[in-house]
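User: Hi! I am new to reading protein structures, and I would like to know what stands behind the words people use for them. Could you go through some with me?

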Amino acid sequence: MLSVTPNTAGVVTLPKGLVGAGFAPVADESRAINGTVGDITAVDPRMTARNVNVYYGDKLAINDVSLDIGKNEVIAMIGPSGCGKSTFLRCLNRMNDTIDICRVEGEIKLDEQNIYDSSLDVVPLRAQVGMVFQKPNPFPKSIYDNVAYGPRIHGLTSSKSELDDIVEESLLKAGLWDEVKDRLAETGTGLSGGQQQRLCIARTIAVAPEVILMDEPCSALDPIATARVEELIDELREQFTIAIVTHSMQQAARVSQRTAYFHLGQLVEVGKTDDIFTNPRHGLTEDYITGRFG
Amino acid sequence: MSKSEQQQARTIDRVNTTLAQRYGRERRFRRFGFFAVVLGLAFVGVMFLSIIGKGYSAFQQTRILLDIEFTESVIDPSGERDPAVLSSANYSALIKNSLRALYPEVKDRKEKRELYGIVSNGAALILRAKVMADPTLLGSQAQLWLPADDDIDMLVKGYIDRTVVQSERRVKDNVIAWIEKLESEQKIGKFFNTTFLTGGDSREPELAGIGGAVMGSLYTLIVTLLLSFPIGVAAAVYLEEFAPRNRWTDLVEVNINNLAAVPSIVFGLLGLAVFINFFGLPRSAPLVGGMVLTLMTLPTIIIASRAALKAVPPSIREAALGVGASKMQTVFHHVLPLSMPGMLTGTIIGMAQALGETAPLLMIGMVAFIVDIPGSAMDPATVLPVQIFLWADSPERAFLEKTSAAIMVLLGFLIVMNVLAVILRKRFERRW
């Protein structure tokens, strides 16, 4: 026997458990999520994700997300808290493996190699896809050792002078060299917050990865340090592919070429950053960037 | 006055009415805390005063100055200087001769025996050692300070009341008269007691030393440390970092926590049944003692080490994994060094427990009366707390001060161990 609930025209029925706590869904046809709006592909993709589902236990955290990350572009992922953007980012270098209850379905390829293939080794993957975290997390070791750690464990250098060169080059690229060149032996945790985050970026690029994932890299920084890191992201784009998760729409607009808007575990809209911010096609995207919720 | 201003005024009034009460509570709480600390310190102070007050005199030994004649006819009648003859000769005769010369008025057989008794049995051994080391002494004469008997020691240290009736004290009037004569001639005196620190156990209090027990404790603790620290840390690292979370690891965890609460004598029984009876390891050996204490300290070390590992922020792990470190590299390069201070704290707590443990060692025979100082972890030995237990059980008055002094040595051992641990921990400690 079926119980028929009278359904007012236009009311979106979201899947149970996905209704956000912070806001009520706007009852509007244009707010319904029926697949991703916009072009998910990139001209020259470095990473391609197709039909990715992520579960935390029984809870579906990411629902059928497909997205390309192109070479030498900065792609920003925006969306309200708990929308799954960080979860998606962490899938890209299998950082979610450390969470026992996390399960990933679908296909994510790095240069035509499925990174969730059972034969794939995560150690070289993470050397290719580096990560910068929300909270600056330098090792409680010297500045030099922080940057040299990656090259050391991967055996990238054969001599001390080569390692010195890598450390200097990485710190230069991260825009930190001038500030720390005289105190490389001091501990990295003694730096200021902004410097620590740039140290973490230097540590990531010292391994010369292909892709750098940044999970809200500026959320713990003051505006000046943020501006410095944003500048750095723009410079790094020439050499690396960067995927950045951010809560700041201004930041997304400033640093990225493409923007992906996530909402309740789904990828709502992808497109050129300029288009997304000036002419959003999906109602939810518009709501978010105009500040109706978030 | 607007409504919101009224509201504000009311709030501040309400705050003010309870303010005094709140501060009063805080002051009371602080006073309670201060009082608790003072009380604790007072108890510790009383304990230390009592132990040191009773035990300090054990570090002194009463000796009597005797003119010893190394008569050749007594020691080596043949004159061949054969070591076998020298070692089995009657050295106490030399002491008896000397005493007789000192008190020519003593004629009675019974009195003579009492006179000979004022010098320790160990004095003859000292003479023997001297002659064995230098046989040319034979035929010569020397003035030597030789240890007095424990009753004389107690008398000189003032533990025996000379005013009570003769029948109520261990030293008779005639003996007191002899000692007083020695005292007036300054032929009796108190010296620093090296025997106590270097010697092994003895039935004679004046010859008993703590050296054997110190060495026994040292060997036992070295074995315990060498076994329990690596095993404990390895187990903690495996359980915390590598083991899958399932019913089996839950079971293991519950059991480790339970083992920490098992009475230690049970571990002694286990050691007796498994290490001695099944594997045939020697009885009374520090090796077996160390193994038993390892079983006892492991839960402590594992629990403390796991807590230390848990306290390492996950961001450090993520940072290492993020640059492509393997699980093993993450643990050994970053997590383990950061948790090392906590692990060392746990280890030192475990070792301190092991140092003070008596019951399990009774089960494996480390309670035996052992005179020799152990030379390795395989030799029969006893440990400090067991030695204290043995001496506390002895009836002689002189063992009372020995017991207190042994407790002082045990506490000293513990302090040295803790200081070492603190120094070690400081080395590993890093600032965040």
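Analyst: Happily; below we take a few terms and set each against its definition. This is a predicted model, in which local features need pLDDT of at least 70, side-chain atom pairs count only at pLDDT 80 or more, and totals for chains, interfaces and linings use all residues. Residues are numbered from 1 along each chain as its sequence is written, chains are lettered from A and ligands numbered from 1 in the order in which they are written, and side-chain values use heavy atoms, without hydrogens and water.

User: How do you know how many helices and strands chain A has?

Analyst: Helices (H or I, at least four residues) and strands (E, at least two) are DSSP runs, numbered from the N terminus. By that count, chain A has ten helices and ten strands.

User: What makes strand S7 and strand S8 of chain A a pair?

Analyst: Two strands pair if DSSP finds at least two bridges between them. S7 (residues 211-215) and S8 (residues 241-245) of chain A share five bridges, in the parallel sense, so they meet the definition. One of the partnerships joins A:Ile212 to A:Ile242 in S8(A). Both strands belong to an open six-stranded sheet with mixed pairing, in the order S6-S7-S8-S3-S9-S10 (chain A).

User: And what makes S4 and S5 of chain A a pair?

Analyst: Strand S4 (residues 102-110) and S5 of chain A have two bridges, in the antiparallel sense, and at least two is what the definition asks for. A:Lys109 stands opposite A:Asn114 in S5(A). The open sheet here has four strands, ordered S2-S1-S4-S5 (chain A), with antiparallel pairing.

User: Why are strand S2 and strand S5 of chain A said to stand at the edges?

Analyst: S2 (59-70) and S5 (113-114) of chain A each have a single partner strand, so one side of each has no neighbour in the sheet.

User: Why is B:Leu94 called buried?

Analyst: Buried means under 20% relative accessible area, with exposed over 50% and partly exposed in between (1.4 Å probe, protein chains only). B:Leu94 falls in the buried class, as do other residues of helix H4 (residues 92-102) of chain B, including B:Ile95 and B:Leu99. In chain A, buried residues make up 54% of the 294 residues.

User: What do the buried residues of H4(B) pack against?

Analyst: Their neighbours are S1, helix H2 (72-75), helix H5 (109-116), helix H6 (122-133), strand S2 (141-147) and helix H8 (173-184) of chain B.

Conventions
Contact = heavy atoms within 4.5 Å.
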